[in-house]
Amino acid sequence: MVNPGGSSQPPPVGTGSLSWKRCAGCGGKIADRFLLYTMDSYWHSRCLKCSCCQAQLGEIGTSCYTKSGMILCRNDYIRLFGNSGACSACGQSIPASELVMRAQGNVYHLKCFTCSTCRNRLVPGDRFHYINGSLFCEHDRPTALINGHLSSLQTNPLLPDQKVRPP
């Protein structure tokens, strides 16, 4: 397993009786033919699991992601933190324990999920529009949407009104 941003080369495993490695997951000796190394620790292949979906990471790929003590598969990392683990509005890192808002695959801090025009925060239940990468409250949606003029927005398909859902 490779931990992005971490060391990927394990120390050599010896062959003597003192070379048994302990699993970071269960604490037991690793006598298996295969063992995994990530986060500076050895793991039984059955013990290295995604903190969210419990998938055995050795079976679904060659990488795992860590954030705030959680071990995650690629899908759950992206689902929780986006591709970069950063807020799409401010670019700052999003802590694993923080609630987030999502729109069209982008992830935002709660405080950053705001209308591009009036800067009012969008909260669960609010209707909003997501156009060309920008969020708009229902009141400040571009007039091209209201009047049905699509010439300036023709290259990007318009999305139907969306409702903010609780994180």
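This is a dialogue about reading the core, a hairpin, the salt bridges and the aromatic pairs in a predicted model.

Biologist: Let's begin inside. How many residues does the largest nonpolar core have, and which have the most contacts inside it?

Modeller: The largest nonpolar core has 33 residues. Those with the most contacts inside it are Leu-57, Leu-72, Ala-103, Tyr-108, Phe-113, Phe-128 and Leu-135.

Biologist: Which elements give two or more residues to this core?

Modeller: Among them are the strands β3 (36-38), β4 (41-43) and β6 (70-72), along with helix α2 (74-81). Further on, β7 (100-103), β8 (106-109), β9 (127-131) and β10 (134-137) also give two or more. The core draws at least three residues from each of domain 1 (36-80) and domain 2 (85-148 + 160-164).

Biologist: Good, β9 and β10 caught my eye. In what sense do they pair?

Modeller: They pair in the antiparallel sense, over 4 bridges. One bridge partner to look for is Ser-134 in β10, which sits opposite Ile-131. The two strands form a hairpin with 2 residues between them, and Asn-132 in the turn has a positive phi of about 50°.

Biologist: Now charges. How should I read a salt bridge, and how many does a search of the whole structure find?

Modeller: The general idea is that side chains of opposite charge can pair when their charged atoms come close. Here the search finds 2 salt bridges. In one, the side chains of Asp-32 and Arg-46 meet at 3.4 Å, N to O. Asp-32 lies in the loop between β2 (29-30) and β3, and Arg-46 in the loop between β4 and α1 (57-60), 14 residues apart.

Biologist: And where is the salt bridge of Arg-127 with Glu-138?

Modeller: Arg-127 is in strand β9, and Glu-138 is in the loop between β10 and α3 (143-147), 11 residues apart. Their closest N and O atoms are 3.8 Å apart. Arg-127 has a relative accessible area of 34%, so this residue is partly exposed. Glu-138 also counts as partly exposed, because its relative accessibility is 38%.

Biologist: Last topic: aromatic rings. How many aromatic pairs does a search of the whole structure find?

Modeller: A pair of aromatic rings is described by the distance of the centres and the angle of the planes. The search finds 4 aromatic pairs here. Take Tyr-108 and Phe-113: their ring centres are 5.3 Å apart and their planes stand at 65°, so the pair is edge-to-face.

Biologist: Are those two residues buried or exposed?

Modeller: Tyr-108 and Phe-113 are both buried. Ring pairs also link Tyr-108, Phe-113 and Phe-128 into a cluster.

Note on methods. Residues numbered from 1 in each chain as written. Predicted model: local features only at pLDDT ≥ 70, side-chain atom pairs only at ≥ 80, totals over all residues. Heavy atoms only, no water. Core = buried A, V, L, I, M, F, W, Y, C linked by side-chain atoms within 4.5 Å. Buried < 20%, exposed > 50% of the residue type's maximum accessible area, 1.4 Å probe, protein only. Domains from an automatic or database assignment. Pairing = 2+ DSSP bridges. Salt bridge = Lys/Arg side-chain N within 4 Å of Asp/Glu carboxyl O. Phe/Tyr/Trp six-rings, centres within 6.5 Å; stacked < 30°, edge-to-face > 60°.
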